[in-house]
Each structure stands twice: as C-alpha cells, then as structure tokens.
Amino acid sequence: MSVRPARRRRRPAQSLSPVATTAAARTETRRLVIASVLAAFAAAFITLAVASHSRKSATWDEPMHLAAGYMALAEGDHRVDPSHPPFIRMWAALPLLAMDVNVDRAALSRASAPESTSDAYEFARQFVFVHNDADRLLFASRTMIVVWGVVLGILVFAWAYEWLGFIGALLALTFYTLEPNIGAHASLTTTDFGVTCFVFGAAYFLWRTCRQFTRSNVAALSIFVALAVVTKFSGLILLPLVVLLLAFAVFKRCLSLKRAAAVALIVAATTLTAVWGVYGFRYAASDRQDRLRYHDTPVANQNAPTLARVTGWLDDRRVLPNAFTQGLLYSQASARQLPAFLAGHYSSSGGWWYYFPVAFLVKTPAALLVLLATGLIVCLRRRHQDRFDQLFVAAPPALYAAVAMTSGINIGLRHILPIFPFVLIVAAAGADALRVMRRPTGAIALAGMTAFWGVTYAAVYPFTLTFFNQFVGGPRNGSRLLTDSNLDWGQHLKALKSWMTEAGVPHVNLAYFGTADPAYYGIDCTHLPGAPTFALPRINKPRLPGYVAISATIDSGVYLDPRWRLFYRGFRRETPVATIGNALRVYWVDSWPEAGRADASAEELDAHVDLADALFFGQQWIDHAITHYRIYLAARPDDAEVLARLGVALISYGDSGAAIEALLRAVALSPGTAAMHDALGVAWVLHGRPQEAARAFLRALELEPGNASARNHLARLRQEYLSGRHD
C-alpha cells in the first residue's frame, strides 16, 4: 500500500525568516514614507500656487491662451491664435465647460488670423473681462495648470530617487518647491509650464526605457513626447533628441537596434495620432474656415522662407492639420520681429545669443547656482559607467537651451523653463555630496544655503515671477537687466488696487504693460502712452498733481519708440512712494519730470522733436511740448521747421512775444515758406501789432496764393479793422 506524499504547506507569513520579515517591513515603511512625503509636497505646492495666483491679475498672454483654449475645446475652432498647439490650453479651459460662458460671435469672426492679430487680442480681452467674470475663469484655469506642477514635482522626485536615493530625491523635491521660476509659471494659464513638465517626463521615461525595456516605460515615453508636441511647438525638439539618445543607447549596448527602432516608431505614431487628435481629426481650422494660409504672407516669406515652403508643401498634401502646420509657421515668423531688452540695451529683432545665459544667471536663486556648480563637479568626478545616466540629464537641457539661444526670441526666461527640472536634479546631486562629507562643514553649508534660499523665496512670494537673485541685488534691481515676462507681465493690477484702497488714493495716472483691463479691478485711471491696445483711444495727458504708476516694462522702453522712452526717462531720477509687486512703481508728481538736455546723437535729438509733436498735436500738452522743442533747438538752433513749430506752440500757450521771436528766426532761415509767415502773422495779431500781422499774411499769400489759412486770417483782420477793433 502506497502512501501519498504529504503536500507542502505554504509557509504562513509569520513563519518567514527574520531577515525576510525585516526587509519586507523596511520596504513597506519606505513606501509609506515616500507616500507621506509626496502627499505633503502636493499639499504645500498647491497651497502656495493657489494662494499666489489668486493675488495676481491676468498676465499678458493668459486671456489669449484661455480664449483660444475654450474655443478649441468647446467648438473645435482653432482660428484664434494658432501660434501654439491646443492641448494645454484646452486642459486649462476644461472647467469652463461647466460654467455659463459667453462668446461674442461678431468679435470671433474678426479674430480669425492672419488678417489682424490685434482683433484676436481684443476678442480674448472681451471674452475674459467683458463677457465673463475674469477672476472666476482665471482661478479655475490656473488651478488646472497647478495639477501639472504636482505631476512634475513627483517626476523630479522619482528620477532623483532612482539616481541618487531617498535623501537626494528629498533634496530635489525641496529645491523644486522653493524654485521661484517654477512656482511662478506653474500657476499661470500659459503653455510654458505644460511643455516643461512634458519634456522632463519624456526624458525621464526615455532614460528608464533605455535601462529597462518595458511596455509601461515605452508607453509613458510616447505619451509625454506627444503631450509636449501638442502643447508647444518647441516640444518638437524631443523628436530628434529621442532618436539621438536611442542611438547612443544602442551604441552602448543598453538597447538592441530592433527595440530602439520599435521605440522610435511607437513614439512617432503616438505623436502623429496626438496631433490629429487634439485638432479633432480634422484638417480644417474650423467648420467656418477651411484653411489658414500663413505661408502666403510677406512676414512668413521674409522671416522664415524655408519653413514657409515646407509648411506649404505639407499643407497642400494635408499631412497634418492645417492649424498645426500654419500655426508653427506663424509662431516662428512673427517671433523674429519681437524687440528685446537686456541691461539697458535694445534690439529690434534677433536679440543676443547670450540673453538666456544672462537671464538664467540673474534669475536663478544664488544657492541653486552654487549647488548646480557643485553637482556638475561631482558628476564629472564620478565613475565612467555613470556617464550614461548623466547624458540623459544633460542632453535635453543642453539642446533646449541651444535652440532657444539661436531663436532670437529674447522676451523671457520662461522660454528655457524646461531646463530647470534637470538643473534641480544636478543640484540635488551636489547637495547630496555635500551632505555626506566626512566633516560637518558640507552639511552645515548645505543647511545654510537651503535656509538662505527659503528666506529669499519668502521675501518675493507671492510675486515669484519678479525674482532676481542676490548677486544682482534682488528684484529691486531686476528692471535694470530684464523686463517683460521676467519681471513685469501685467500681473500687478490687483496689488495696485489694494494699495490704492489702503492709501485712500481714488485715481492714478497709469502707464500699464499688459492686456488686463484696470477697470475690471476697480481702478480709476488715466491711461498714459504705452497703454494696452484697447486703451489707446483713452490715452490722455496725466491729471497733475497726482499719482503716476509706471510698469517696469514701460519704464524700460523695450516696446516704445524713442519719443516715449524719452517721455518716461525723467522718472529714473525720482524716488517712488511705493513699489507694487516689485514691478510697478508709483510716484507723486506735481509737474512732469523732464528727461533733461539731449546728447549729441541724432536719434536722441529727433526723439525730442517727435515727443514734442506728439504732446502738442496729440495731447495738447503745450508747455511740455515747448520744453522739448527748446531742448532740440539748443543743439540745432538753425532748424527753421522746428522753430516754426515752437512758434505755433507758443502761440497756443499764449506767449506771443516768445512766439514772434521764434517765428522771426524761422522766417529768416526759410523766407520762402508761406506757412511760417502765416504763423508769424497770427503771433503779431495776438501781440497787438495788426500792421505787422497784415504784412505777414500778405507775404504768405504772395508766396502761396492759394493759402486758405493766410487768406482767412487776413480777411478776419480786415473785418476787425473795419469794426474799429484795430487802428
């Protein structure tokens, strides 16, 4: 009789060896710690971001991004500013589907590019500030961007954890939370933060794919590449980057050629599908307009002729959605016309190759720069086999920065924001190396730098967009170096209104850079030159004595012509009574501060005349115009035409004696100009010398018999003589 062998019974959990039990407990504990850290991070990051964006008015680009995103999401209409792919815009507009949102259809039809960019901006302004509640829309859409801020933080932690361990990852996450440029853009409805998150996510999962080929890694890589491309056109940089790094992995025998080719094909197919998907798998830009044709415009053919031909070829064959190809062309061609400002210098187009390195050095926290340098040294000194991992951290930011430096778009550090997560990883490597030094010096230095970093972050919060490091004196000196989205992007109207309420100021003369409407925030203002496009009809001379508030970007003059730069230059000698949000200076002004005497340059002298003309003929600000005419004439006393303009301005001001003096000199220099004799006659009339006036009018008619002004003046003088008013 055979006996069946006894079945092996599964060992109960409590019978595991002590070593295995301890290891399992440690793993579970580590998971709980990581989950707790990430939960605490998410809560802190969301709180900081939401509290920050709630105190800011709309920045320059946000109304356009939100309006375009809503039209794309709700109606599949991609005609409103196709200069960006629509994914992150549509994501930001997602909460608006649950709101009662109003759209001005007439304004929408006028906003179809490329006929008029100004109409598109006006449609966006009305969409946000006129037909809907701007604060409600912006709060919802900005909070949607904050979600990706949390995702990116988790990705930074994950990569640092796999590369540096738990402490290194914790340091990277701490640095991420305190990085002001990250914090600033993670709470704005723009495309900049979305592409930052997706570029980093793509690089991270490409690194994982090359180390461990799994379906999940390949899928995540493909998704992040696709999201980057359909968020911002700069995301296209990822396509050659993926190919290059896959080739490197094949060369290092970390990945087979077959698998690398499969990854490349999957990424390409996913991206192509995503591009068609976000445009609704439809070629046309909308159901109201078949095609956008930027490749036929003079701007495209002049600024990007090769790209115009390529996109035209693609468009004719309908390889990609029309709004995608033509939007790419439009964004590249129009961007090359943007003015730039750097440390007091101007560029009308092209900018400087070193703009972004300078911007990075002055807007990155000092502690982060030190830790970055330390991390680079640590990486260079590590074993040769670590070079593979280091390349995946170094190549994406290097390529992205190189493309940005050659793009000619010098309007903000945000254009290289995708390099910052990689910078934080390297800085965390440096910080971790300091921490494990044998002597306590490194740990003490790390603690001190982190504390200093936290203090500088707290000092600028919630206006983190305005951050400049202590190497250049902080935000108070920022406007001397950079403006626009580096400092003053229109975000300070809420803070200005709060200051006006607290200080009891009912009215302010406002030189505002932005697209937000001050009236929406309850600001009673007189708009000054440099005001937004919608406020141009309301520009007037300031109400003085009174408060004058000037945006830092207006003060820099980057988007002003020389005459208006001159107009505001006198304020650089004045001390503001308040600085709002580090970006808006408020002055008490009894009389407008003059720019001072002109230098010897022809441009400076011409600016004085142009400014005087604008003030006299445009704003009827006569005394100020007279001042600038005289500044010009002090350097060029024999300019008969400007002498005549000065004489006319003096007549309007009521100073006939000075007017006669100027006009007599003008007539002597240019005796054959009828208009000068006519003006001189008017001055003689005001001065009570009718006989001289009559001679001047008659001389004008001799020179120009058809001069209606001189004829009317002479007829009026005769009528007054006959009525006995003149002898």
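This presentation describes a five-stranded sheet, one helix and two buried loop residues in a predicted model.

Colleagues, the model is a predicted one, in which local features need pLDDT of at least 70 and side-chain atom pairs count only at pLDDT 80 or more, while totals for chains, interfaces and linings use all residues. Residues are numbered from 1 along each chain as its sequence is written, and side-chain values use heavy atoms, with hydrogens and water left out.

I begin with the sheet. In what order do the strands of the open sheet lie? The order is E4-E3-E5-E7-E6, with mixed pairing among the 5 strands. Strands (E, at least two residues) and helices (H or I, at least four residues) are DSSP runs numbered from the N terminus, and two strands pair if DSSP finds at least two bridges between them. Strand E4 (525-527) and strand E6 (578-580) are the edge strands; each has a single partner strand, so one side of each lacks a neighbour in the sheet. From one strand to the next, the twist averages 25 degrees.

Let me take the pairs in turn. Strand E3 (residues 508-511) pairs with E4 in the parallel sense over 3 bridges, and Val508 is placed opposite Cys525 in E4. Helix H21 (residues 493-503) packs on this sheet and touches E3, strand E5 (546-551), E6 and strand E7 (584-589). The direction of H21 makes about 145 degrees with that of E6; axes are lines fitted to C-alpha atoms, for helices over the stretch in contact, and angles run from 0 to 180 degrees between N-to-C directions.

E5 and E7 run antiparallel and are joined by 6 bridges, with Gly546 opposite Val589 in E7. E7 also pairs with E6 in the antiparallel sense, over 3 bridges, and here Ile580 faces Leu584 in E7. E6 and E7 form a hairpin with 3 residues between them, and Gly581 in the turn has a positive phi of about 60 degrees. Of the 6 residues of E7, 5 are buried; buried means under 20% relative accessible area, exposed over 50%, and partly exposed in between (1.4 Å probe, protein chains only).

I turn next to helix H16 (residues 355-363). Its buried residues are Tyr355, Phe356, Ala359, Phe360, Val362 and Lys363. Their cover includes helix H8 (180-185), strand E1 (340-342), helix H17 (366-381), H18 and H19.

Two loop residues remain. Arg414 lies in the loop between helix H18 (387-405) and helix H19 (420-435). Is Arg414 buried or exposed? Arg414 counts as buried because its relative accessibility is 8%. Beyond its neighbours within four places in sequence, Arg414 is in contact (heavy atoms within 4.5 Å) with Asp61, His185, Asp192, Ser485 and Trp489. Its side chain makes a polar contact of 3.1 Å with that of Asp192 and another of 2.9 Å with that of Ser485. A polar contact is a pair of N or O atoms within 3.5 Å; within protein, one must be able to donate a hydrogen and the other to accept it, and residues adjacent in sequence count only if both atoms are side-chain atoms.

Thr59 is in the loop between helix H1 (18-53) and helix H2 (62-75). Thr59 is buried, at 0% relative accessible area. Its side chain makes a polar contact of 2.9 Å with the side chain of Glu62. Leaving aside neighbours within four places in sequence, the contacts of Thr59 are Arg142, Leu188, Trp489, Gly490, Gln491 and Thr515. Trp489 is thus named for Arg414 and for Thr59.
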